Amino acid sequence: MKADLIIQSKAVFTGLKEHPEHLAVAIKDNKILAVCKPLEANKYMSDETRLIDAGEKLVSPGFFDSHIHIMAGSLFNYYAVPLNDTLSAKDAAEKVKAYADEHPDSSWIIGTGWDYTAWGDKHFPDRHILDQYISDRPVFLIHAEGHYGWVNTKALDIANIKPDTANPDYGIIHKDGDGHPTGILIESAMSLVGEYAYNFSDEQKRKMVQLFLDHAASFGVTAVNDLYLSRAHEQLEGYATFKEFDENDLLTVRIHLYPPLNGDWEQANEFRKTFTSPKLKMSGLKQFIDGVVTGYTAYMLDVYKDKPETRGEIGFSEEQLQEWVTAADKEGYQIKFHTIGDGAVRLGLDLYENAQKENGKRDSRHTLEHIEVIAPEDIPRFKQLGVLPSVQPYHMALMPRESHTERVSKEKFPYIYPNALFFKEGHVMPYSSDYPIVPLNPMLGLYHAVTRKDYSLEDTWNEQEKITLAQALRAYTYGSAYSVFREHEMGTLEKGKLADIVILDRNLFHVPEKEILDAKVEMTMVDGKVVYEKNTKKLVNHP
């Protein structure tokens, strides 16, 4: 059999060894025909075969980001004010005003990325700061972690949020000493505004999906898990649009859906029947156990050091969560839980263990996501229960480390943002970005996984959690494929596997670690088709 395409390089990382090799990858239709020595590849050549000699550039399985939010990604990336680099609340308000002036037709001004802890401020900003700069249009600014928002008075008025408005379940409408809303909406309280701010037309949703596909291809991302984004952002989903793209053969990224675990089994079963194609699958269910450390909503085993009246909270009662988990596990669903605090991690493990006792043990690959703080005694329980730990290596550099170290006891410091300890336990680790909370670019995750550089990019944080580049690459490829039971199809370069491949502009194994951040994608291939080429800026399948 002759190949449609042969890629050869002195640096082919198959994912089966600790280092790249001098190999050729022969591709026929959407599968890998052979992985062999370059001379052996001659037998797969014909006059029609395209040959790509990548020299010493790294050839790898396509990146699989195991935890992202597609629609939020496009919204925050292309339709929002970037506030990551703001220096103060006033600076953020000025940027919002400038953006609003440049976009006079935008009915809502949406922003993202602000973080008051990076401003050195101990207190949330309020609506009056925003009102001074823009009062005629509603403003909705999502915090860097996505778990609380800052709005102006106009947005509160549109959402009919008043002094007597009650907090929704697992949400807080922040109020001042006189009982008036300050403009800070925590967790599910954001949905009161999101209901209006996220009301997009079908046409805009199509544009948002296409923008994401192009963005992913340019970073070598060939597969993703699209996870439920929480009650705060329920309006931001694109299931019908994904289906439309899939049916028209327009998907250039494999999408694995994780809608909410909420007891709606009719909807879950409908998803399971509807999304079954090689490029669009319903892979499981996702829910939140807790929130985030900076909002004091991450659920801890002990009280917060700087707020001893609380140890955080859980989004649903333990009884409700257990009912859902046991029922979903019985029906064969894979479950993912957002667990940031060590209390949430323990509870998540308990929920899975109780379901296992009730339903029997199986290869469920249930997962805990984030795990920003963990109690050492809970580490071996992952292996005992067959639970996957899923971390986002760049999260440790998202905010100054004081965002965590000022809130938890010193004894917990070695267990903040764990990483290597899971590899040492023998886990197959799926890697991800949590896009758009951080950029989609896998180089960021790879860099922080191998260097453990913190927010300053100068200091190393918990150096014992460093891993090798080969481990990090496998986590971003094979580990994520394993997380959706597709390791037999994806994640390594082997005969018979899907031809989802990326070529980088350098060999990451032969450059200084800091240069990983500069690496760019030369080519991305999905299903044996080139979906991005750097030299031509080629992006395919535009509707």
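**Entry 1: tyrosine 116**

I began with the side chain of tyrosine 116, which reaches the backbone oxygen of threonine 294 at 3.4 Å. I keep in mind throughout that this is a predicted model. I then looked up where the residue sits, and found tyrosine 116 in the loop between strand 8 (109-114) and helix 3 (127-131). Is tyrosine 116 buried or exposed? At 3% relative accessibility tyrosine 116 counts as buried, because the cut-off for that word is under 20%. Leaving aside neighbours within four places in sequence, I listed the contacts of tyrosine 116 as Asp121, Lys122, His123, Phe124, Pro125, Tyr148, Thr294 and Arg407. I also noted a separation: tyrosine 116 and alanine 328 are 212 residues apart in sequence, and their C-alpha atoms are 38 Å apart in space.

**Entry 2: the five-stranded sheet**

I next followed an open sheet of five strands, whose order is 6-13-14-16-15 and whose pairing is mixed. The edges of this sheet are strand 6 and strand 15 (276-277), each of which pairs on one side only. At one edge, strand 6 pairs with strand 13 in the parallel sense over four bridges, and I picked out phenylalanine 64, whose bridge partner in strand 13 is alanine 223. At the other edge, strand 15 and strand 16 (residues 280-282) pair in the antiparallel sense over two bridges, with threonine 276 having lysine 281 in strand 16 as its bridge partner.

How many of the residues of strand 6 (residues 63-68) are buried? I found that six of its six residues are, so that the strand is mostly covered. I then looked at what lies over this part of the sheet, and saw that helix 15 (residues 469-483) lies across strand 6, strand 13 and strand 14 (254-258), running at about 65° to strand 6.

**Entry 3: aspartate 226**

Staying with strand 13 (residues 221-227), I looked up aspartate 226, which lies in it. Which side chain of opposite charge is nearest to aspartate 226? It is lysine 286, at 9.6 Å, and aspartate 226 is buried yet has no salt bridge. As the cut-off for a salt bridge is 4 Å between a side-chain nitrogen and a carboxyl oxygen, I therefore looked for another polar partner, and found that the side chain of aspartate 226 reaches the backbone nitrogen of isoleucine 70 at 2.8 Å. Not counting residues up to four places away in sequence, aspartate 226 touches Ile68, His69, Ile70, Tyr239, Phe242, Ile255, His256, Leu257 and Tyr258.

**Entry 4: the four-stranded sheet**

I turned to a second open sheet, in which four strands stand in the order 17-18-19-20 with parallel pairing. Strand 17 (285-288) and strand 20 (388-390) are its edges, each pairing on one side only, and the twist from one strand to the next averages 25°. Within this sheet I checked strand 18 (residues 335-339) against strand 19 (residues 367-370), and noted that they run parallel and are joined by four bridges. Here threonine 339 stands opposite histidine 370 in strand 19.

**Entry 5: salt bridges**

For the charged side chains I noted a count of 32 salt bridges. One of them joins lysine 57 and glutamate 522, whose side chains meet at 3.1 Å, N to O. Lysine 57 lies in the loop between strand 4 (50-53) and strand 5 (58-61), whereas glutamate 522 lies in strand 22 (residues 521-526), so this pair ties together parts that are 465 residues apart in sequence. Lysine 57 counts as partly exposed at 29% relative accessibility, and glutamate 522 counts as partly exposed at 24%.

I then compared two further pairs. Glutamate 494 forms a salt bridge with lysine 497, the closest N and O atoms being 3.3 Å apart; glutamate 494 is partly exposed at 29% relative accessibility, whereas lysine 497 is buried at 6%. Arginine 381 forms a salt bridge with aspartate 378, with the closest N and O atoms 3.4 Å apart, and here arginine 381 and aspartate 378 are both buried.

Which residues are joined into one network by salt bridges that share partners? I wrote down Arg346, Asp350, Glu353, Lys357, Glu377, Asp378 and Arg381.

Note on methods: Residues are numbered from 1 along each chain as its sequence is written. This is a predicted model: local features need pLDDT of at least 70, side-chain atom pairs count only at pLDDT 80 or more; totals for chains, interfaces and linings use all residues. Side-chain values use heavy atoms; hydrogens and water are left out. Two strands pair if DSSP finds at least two bridges between them. Axes are lines fitted to C-alpha atoms, for helices over the stretch in contact, and angles run from 0 to 180 degrees between N-to-C directions. Buried means under 20% relative accessible area, exposed over 50%, partly exposed in between (1.4 Å probe, protein chains only). Lys and Arg count as positive and Asp and Glu as negative; His and the chain ends are not counted. A polar contact is a pair of N or O atoms within 3.5 Å; within protein, one must be able to donate a hydrogen and the other to accept it, and residues adjacent in sequence count only if both atoms are side-chain atoms. Contact means heavy atoms within 4.5 Å.
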